[in-house]
Structures are given as structure tokens and as C-alpha cells.
Amino acid sequence: MKKIIAANWKMNKNSKEAQETIQELSNILNNTLPEDREVIIFPSFISLEASVQCAGKQSVLQFGAQDVYPAKDGAFTGEISPSMILDAGAKWVLTGHSERRHIIKEENTLVGQKTSFALAGGLNVIACIGETLEQREAGRLYDVLSEQLSQTLAKLPTPLSPERLVIAYEPVWAIGTGKTAGTEDIVEAHAIIRELLKDIIGTSVFQTRILYGGSVKPENANAILGLKNVDGLLVGGASLKADSFAKIILA
Ligand code: PGA
């Protein structure tokens, strides 16, 4: 399975800036990726379609939305459906990002509904989970990951090809703080997730990619990618500049 290097641009870049970064990234990469890598970019909703078009049909870059609502259409002011995301030319979506859980107060149940509805609607999903510092220090790492994972994956559509569902482990205390989780923390959490996935999705568990996210930079990307059960990276701050994100892709 290829390693996924994903860029979460969060609420950054207008359409013009997004297109400039995509252009610059495509030039640096010469539209080629290392054989064992996949790259997915998550711009804001409003620059998603322009980003896809700027990259062009032959691009090695894939695209996704940062959120989705679990309904086909209807009276859901401000929300976006899976088919709208597909229509914009994107194939992926993030669910359960910690900023949505903590700032927007999204609950596990809603994250689960989003995950299953998006998968059933034809999108591939990167579902994010991770503990706060308080939860970690209270010794609740296993319980928090178990609760988040089981509720996020409570109603997966079947059959489901394993490459369409990806888990991102992002310890909340490492996101945007410059504080990367230590090697042992990452290995421990990814092993727990792999084990939990065995119970939830069974035999295809080894084909389910688990990404690490939280203060990934060009300087630490290669070491993290080499850790057991780490199948890729979800990058925030260091993905905003084409040259730094390219270094992570090529790490
Ligand atoms: P960061 O963000 O790389 O800026 O820590 C990661 C994320 O939130 O996905």
C-alpha cells in the first residue's frame, strides 16, 4: 500500500493563493511522485474546485474536502453534501478533525454519521482521532481511542475496499503546537489503533492505512514515516508552503 501524504490547509488560502501553491507544488514535483506515495490536498470548500481545475486532469495530486454533512440534500444551511464534493472533482474528505471536535463541538456520533454517509456516497474518508493532553495524562489513551474509533466506524457500508478508509491519529496536544509526539507515543498509539481496527473491521485491517498528524515538518517527516504502523502523514502548517510540503512528500 502506498503511503499517503496529506495536506490540511484548514481555513487558509483564498482561491488565487490555493491555485498558486498548487502550481508551485506541481512544478517542484514535475508532476511525478515517488512510487510508494499518494498525495492528497484538502483546501477550503470555497477553493476546492479551483484547486482541482488548476491541478488538471493529469495531475498526480488528489483532492479532498475538510468536512461533509451526512445528508443528500435539503435544509442544512451552511453544509455541503458528498455529491457536491464529488462534483467539485474531489474524491476524499476528512471527518472528525480535532478542531471540529473541540472548537465546533462535534460529537463522536456525528463523526460516525459523516464517515459512513461519505463512504456510502462514494467519497474516500480520512477519519481523525486523537486524545487531549488531559486525557493522556489521566491514563485514558486507550479508552479515548477506542471510543472514538468504534463510534466513528460504527456503521461502515459493506463491502468496503480497505483503501477507501484511512485513519489519522492526531494527538490534540501536538496539533499546531510545534510539539511532535515522541517516537514511543506514536508507535504505542498506532499499535493500539491497529489492534482496535482488527476487532472493528476484521481481516482487511493491515490494508487500512493509519496516518500520523501533529507538527509534522520536513525535518521529522522521514523518521516518523519509518515507524511501525505509520502509513502516512497528515500535515497542517508545514503543508501551506509548496517547498516545505514537497520536502515532506519526498522525505
Ligand atoms: P499541524 O496540523 O501539522 O499544523 O500540527 C495537523 C492537522 O491538524 O491536521
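The questions and answers below deal with strands, helices and one buried residue in a predicted model.

Q: What makes the eight strands a barrel?
A: The strands close on themselves in the order E1-E2-E3-E4-E5-E6-E7-E8, with parallel pairing. On average, neighbouring strands of this sheet are turned by 25 degrees against each other, direction ignored.

Q: How do you know that E1 and E2 pair?
A: Pairing requires at least two bridges between two strands. Strand E1 (residues 3-8) and strand E2 (residues 37-42) are joined by six bridges and run parallel, so the requirement is met. One of the partnerships links Lys3 with Arg37 in E2.

Q: What joins E2 to strand E3 (residues 61-65)?
A: Three bridges do, and the two strands run parallel. Ile41 has Phe63 in E3 as its bridge partner.

Q: What shows that E1 also pairs with strand E8 (residues 232-235)?
A: Four bridges connect E1 and E8 in the parallel sense. Ile4 stands opposite Gly232 in E8, and Ile5 stands opposite Leu233.

Q: How many bridges join strand E7 (residues 209-213) to E8?
A: Two bridges join E7 to E8, and the strands run parallel. The cut-off for pairing is at least two bridges, so two are enough. Tyr212 has Leu233 in E8 as its bridge partner. Between these strands the chain passes through helix H9 (residues 218-225), in a right-handed β-α-β crossover.

Q: Which helix belongs to the β-α-β unit of E1 and E2?
A: Helix H1 (residues 15-29) makes this unit with the two strands, and the unit is right-handed.

Q: Why is E1 called largely enclosed by the rest of the structure?
A: A residue is buried when its relative accessible area is under 20%. Five of the six residues of E1 are buried, so the strand is largely enclosed.

Q: What shows that both faces of E8 are covered?
A: Gly232 and Leu234 on one side are buried, and so are Leu233 and Val235 on the other.

Q: Why does Leu197 count as buried?
A: The relative accessibility of Leu197 is 0%, and the cut-off for buried is under 20%. Leu197 therefore counts as buried. This residue lies in helix H8 (residues 183-201). Setting aside neighbours within four places in sequence, its contacts are Leu149, Leu153, Ile167, Gly202, Val205, Thr208 and Ile210.

Q: Why are H5 and H7 called oblique to each other?
A: Helix H5 (residues 108-120) and helix H7 (residues 141-152) pack at about 40 degrees, with axes 7 Å apart. Angles under 35 degrees count as roughly parallel, and 65 to 115 as roughly perpendicular. The two helices are therefore oblique. On the H5 side, the contact is made by Asn108, Thr109, Val111, Gly112 and Thr115. On the H7 side, Glu147, Gln148, Gln151 and Thr152 take part.

Q: What classes of residue make up the contact of H5 with H7?
A: There are one nonpolar, seven polar and one charged residues. Gly is counted among the polar residues.

Q: Which strands does H5 lie across?
A: H5 lies across strand E4 (92-95), strand E5 (124-129) and strand E6 (165-169). The helix runs at about 165 degrees to E5. Angles over 145 count as roughly antiparallel, so H5 and E5 are roughly antiparallel.

Q: Which strands does helix H10 (residues 242-249) touch?
A: H10 packs on the sheet and touches E1, E2 and E8. Its direction makes about 160 degrees with that of E1.

Methods:
Residues are numbered from 1 along each chain as its sequence is written. This is a predicted model: local features need pLDDT of at least 70, side-chain atom pairs count only at pLDDT 80 or more; totals for chains, interfaces and linings use all residues. Side-chain values use heavy atoms; hydrogens and water are left out. Axes are lines fitted to C-alpha atoms, for helices over the stretch in contact, and angles run from 0 to 180 degrees between N-to-C directions. Contact means heavy atoms within 4.5 Å. Buried means under 20% relative accessible area, exposed over 50%, partly exposed in between (1.4 Å probe, protein chains only). A crossover is right-handed if, with the strands pointing away from the viewer, the path from the first strand over the helix to the second runs clockwise.
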